[in-house]
Amino acid sequence: MKTYINKIAIIGLTLVLTMSLTNCKAVNNANNKQKGAVIGATGGAILGAIIGNNVGKGGNGELGAVIGGVVGGGAGIIIGNKMDKQAQEIENEIPGATVERVDDGIVVTFDENSGVYFATDKSNINDASQATLNKLANIFAEYPDTNILVVGHTDSVGNEDYNMNLSKSRAYSVTNYLVNKGLSSSRFNTNWFGESQPKYDNNNADGRAKNRRVNVAIVPNQTMIDNAQQQAVNN
């Protein structure tokens, strides 16, 4: 079923981002542990990294409720440090993927040239994609206090309803594969948008290839947040 994304959750939220000097490109191009001092913001920047600047229809629910808010103060610094480390590991292990540190989270983007491949009109996880997802699953297992959002997209070629279903099938293929590697299903939320949320120009082959993508967003769960807040109080 197609639903509408809450525009307020995407448009009305703006962050003041502070960048740190580290060796991790994923951290350099967005947020870092110092951004924990930013108080009261929510996950609008992660939404933008996943779906671009377009507000439209698709998916199975509002992403803002899944992603949650940014933790401020000392707890935010602690969380940011942990997420920086995880982003660096993903970047080292999966060099073809685009890894971004955004808000309190990490956004990993796989297009058809970067590690998770789908044949035309197919949604099964092939051998090459399995190798990438195995590495990702191992990193997720190291950081159990995170939740994971998987989002599927297509280009604009073909029927809109067909593309919506295809993006759903591909997103669930990724989620199910990771869960079958031993990760808790309670950590995952799966969403899909078909062709409705392009980040690139569908009028050329390169743009269409980049729009045929799967995003994986990693965010701290309540356990990480509670532990960070307690640690900040004790320090």
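Let me begin with Ile 106, whose bridge partner in strand β5 is Ile 218, and I should say straight away that what we are looking at is a predicted model. That pairing belongs to a longer register, since strand β2, residues 105–110, runs alongside β5 in the antiparallel sense over 5 bridges.

Ile 218 also has a partner in another strand, namely Ile 148. The strand concerned is β3, residues 146–152, and its pairing with β5 is antiparallel as well, with 7 bridges.

Now, how much of β5 itself is buried? This strand covers residues 214–220, and 7 of its 7 residues are buried. In a regular strand the side chains alternate between the two faces of the sheet, and here both faces of β5 turn out to be covered. On one side we find Val 214, Val 216, Ile 218 and Pro 220, and on the other Asn 215, Ala 217 and Val 219, every one of them buried.

Let me turn to a pair of helices. Helix α6, residues 127–142, and helix α7, residues 160–180, have axes that come within 10 Å and cross at roughly 55 degrees. With an angle that falls between the parallel limit of 35 degrees and the perpendicular range starting at 65, α6 and α7 are therefore oblique to each other, and their crossing is right-handed.

Which residues meet there? From α6 come Gln 130, Leu 133, Asn 134, Ala 137 and Phe 140, and from α7 come Val 174, Tyr 177 and Leu 178. Sorted by character, the residues of this contact between α6 and α7 comprise 6 nonpolar and 2 polar, with no charged ones.

Note on methods:
Residues numbered from 1 in each chain as written. Predicted model: local features only at pLDDT ≥ 70, side-chain atom pairs only at ≥ 80, totals over all residues. Heavy atoms only, no water. Buried < 20%, exposed > 50% of the residue type's maximum accessible area, 1.4 Å probe, protein only. Helix = DSSP H or I, 4+ residues; strand = E, 2+ residues; numbered from the N terminus. Pairing = 2+ DSSP bridges. Axes fitted to C-alpha atoms, helices over the stretch in contact; angles between N-to-C directions. Parallel < 35°, antiparallel > 145°, perpendicular 65-115°, else oblique. Left-handed = near helix turned anticlockwise from the far one by under 90°. Contact = heavy atoms within 4.5 Å. Nonpolar A, V, L, I, M, F, W, Y, C, P; charged D, E, K, R; others polar.
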